Amino acid sequence: MIDIHTHILPMIDDGPATIQESIEMCRIAVNDGIKKIIATPHVQSKVDNEGAIFEKIDILNQALKQEGLDLVIFPGAELHLNDQLLHADVLKESRMLTLNGNKKYILLEFSFQWVPPETEQVIFALKAMGFTPILPHLERNFRVQNNPGILIRFVELGAILQVTAQSIVGNFGRASKKCALWMLRNSLVHVIASDAHSPVGRPPVLSHALKVVSAMLGEDSARKMVLDHPKMILEGIPFVS
Ligand SMILES: [Fe+2]
């Protein structure tokens, strides 16, 4: 499996506090069947430490080799809607603001409390510039939970929707689970990712959700969400669904 949304680099955001914790998370991922991970630290308004972030990725990848763990970490970021980074030049110049620096896919979150009214325009504008926004964990958004039908338009405009594995198994409460299952039943989930933050509590685990989705929609559909589609995203291959 490939996990496209994780906070796995040490001392960079609200993810692990030490390299040991990062390695522990990686060990959990390997045991879960994950082979590739995109590190997507929260980034807001400006990135002047890209070099430091790449250094952390290199150090972690080296440590994984030394530990004999069959896992590779790739660069990425989780951007916030409305932030100043959403300009074609900025996105194209960066090696991490688009996932794996592929200049195609952007992980774009917004607050859990509301859906910004300009969301449709932003999706449209990004697509027109050649970028595809991946909208994470909308099943946890209060507005979406009350009116999940708004997601249909986002997908029609070309956004990719990513549901968090722990929502599917109920770890974020009933409303998130209900919304995630509704999205799955209505073919509104392209990708499942862990959004891992820690070895305990929010670990990089996808297999539990994979099991639930396999039982619901069949193994082929479930595999697409944790392998085929994430691979396309990692490699910057255009999405046709
Ligand atoms: Fe995240």
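Buried here means under 20% relative accessible area. Keep that cut-off in mind for the tour, which goes through a predicted model.

**Stop 1: Ser198**

Select Ser198, in the loop between strand 8 (191–193) and helix 9 (207–217). Its relative accessible area is 17%, so Ser198 counts as buried. Now show its side chain: a polar atom there lies 2.5 Å from the backbone oxygen of Val200. For the surroundings, add Met25, Pro203 and Pro204, which Ser198 touches once residues up to four places away in sequence are set aside.

**Stop 2: the sheet of five strands**

Strand 8 leads us to its sheet. Switch to a cartoon view and colour strands 4 to 8: this open sheet has 5 strands in the order 4-5-6-7-8, with parallel pairing. Which strands stand at its edges? They are strand 4 (78–80) and strand 8; each has a single partner strand, so one side of each is left without a neighbour in the sheet. Looking along the sheet, you will find neighbouring strands turned by 40° against each other on average, direction ignored.

Zoom in on strands 6 and 7, which run parallel and are joined by 3 bridges. Pick Leu135 there, and you will see Leu161 of strand 7 opposite. Strands of a sheet pair through backbone hydrogen bonds, either parallel or antiparallel.

Next, bring in helix 4 (119–128). Helix 4 lies across strand 5 and strand 6, and runs at about 140° to strand 6.

**Stop 3: Val163**

Stay with strand 7 (residues 160–164) and select Val163. Is this residue buried or exposed? Val163 has 0% relative accessibility, so it counts as buried. Show its contacts, leaving out residues up to four places away in sequence: among them are Glu139, Ile168, Ala180 and Met183. The list also includes Val189, Val191, Ile192 and Ala193. If you like to check distances, draw one from the C-alpha of Val163 to that of Leu184: it should read 9.0 Å, for two residues 21 apart in sequence.

**Stop 4: two loops of this sheet**

Go to Ser111, in the loop between strand 5 (105–109) and helix 4. Its side chain has two backbone nitrogens to look at. One belongs to Gln113, 3.0 Å from a polar atom of the Ser111 side chain. The other is that of Trp114, which the side chain of Ser111 reaches at 3.5 Å. Ser111 also touches His80 and Asn141, not counting residues up to four places away in sequence.

Then move to His137, in the loop between strand 6 (132–136) and helix 5 (142–146). Check its backbone: phi is near 40°, a positive value in a residue other than glycine. With 3% relative accessibility, His137 counts as buried.

**Stop 5: another positive phi**

Compare that with Met11, in the loop between strand 1 and helix 1 (19–32). Here phi is near 55°, again positive in a residue other than glycine. Met11 has a relative accessibility of 57% and so counts as exposed.

**Stop 6: the sheet of three strands**

Strand 1 belongs to an open sheet of 3 strands, ordered 1-2-3 with parallel pairing. Strand 1 (2–6) and strand 3 (72–74) are at the edges with a single partner strand each, so one side of each has no neighbour in the sheet. From one strand to the next, the twist averages 25°. Strand 2 (residues 36–39) pairs with strand 3 over 3 bridges, in the parallel sense. Label Ile38 to see Phe74 of strand 3 opposite.

**Stop 7: helix 10**

Finally, select helix 10 (residues 219–235), which packs on this sheet and touches strand 1, strand 2 and strand 3. The direction of helix 10 makes about 65° with that of strand 1. Its 17 residues reach 23 Å from first C-alpha to last, close to the 24 Å expected at 1.5 Å a residue.

Where is the kink in helix 10 centred? Centre your view on Met225 to find it, a kink of about 50°. Met225 is also one of the buried residues of this helix, which include Ala222, Val226, His229 and Pro230. Met232, Ile233 and Leu234 are buried too.

Step past the end of the helix to Gly236, which follows helix 10 and has a positive phi, near 75°.

Conventions. Residues numbered from 1 in each chain as written. Predicted model: local features only at pLDDT ≥ 70, side-chain atom pairs only at ≥ 80, totals over all residues. Heavy atoms only, no water. Pairing = 2+ DSSP bridges. Helix = DSSP H or I, 4+ residues; strand = E, 2+ residues; numbered from the N terminus. Axes fitted to C-alpha atoms, helices over the stretch in contact; angles between N-to-C directions. Contact = heavy atoms within 4.5 Å. Expected span 1.5 Å × (residues − 1). Bend = angle between axes of the 7 residues up to and from the residue. Buried < 20%, exposed > 50% of the residue type's maximum accessible area, 1.4 Å probe, protein only. Polar contact = N/O pair within 3.5 Å; in protein donor to acceptor, adjacent residues only side chain to side chain.
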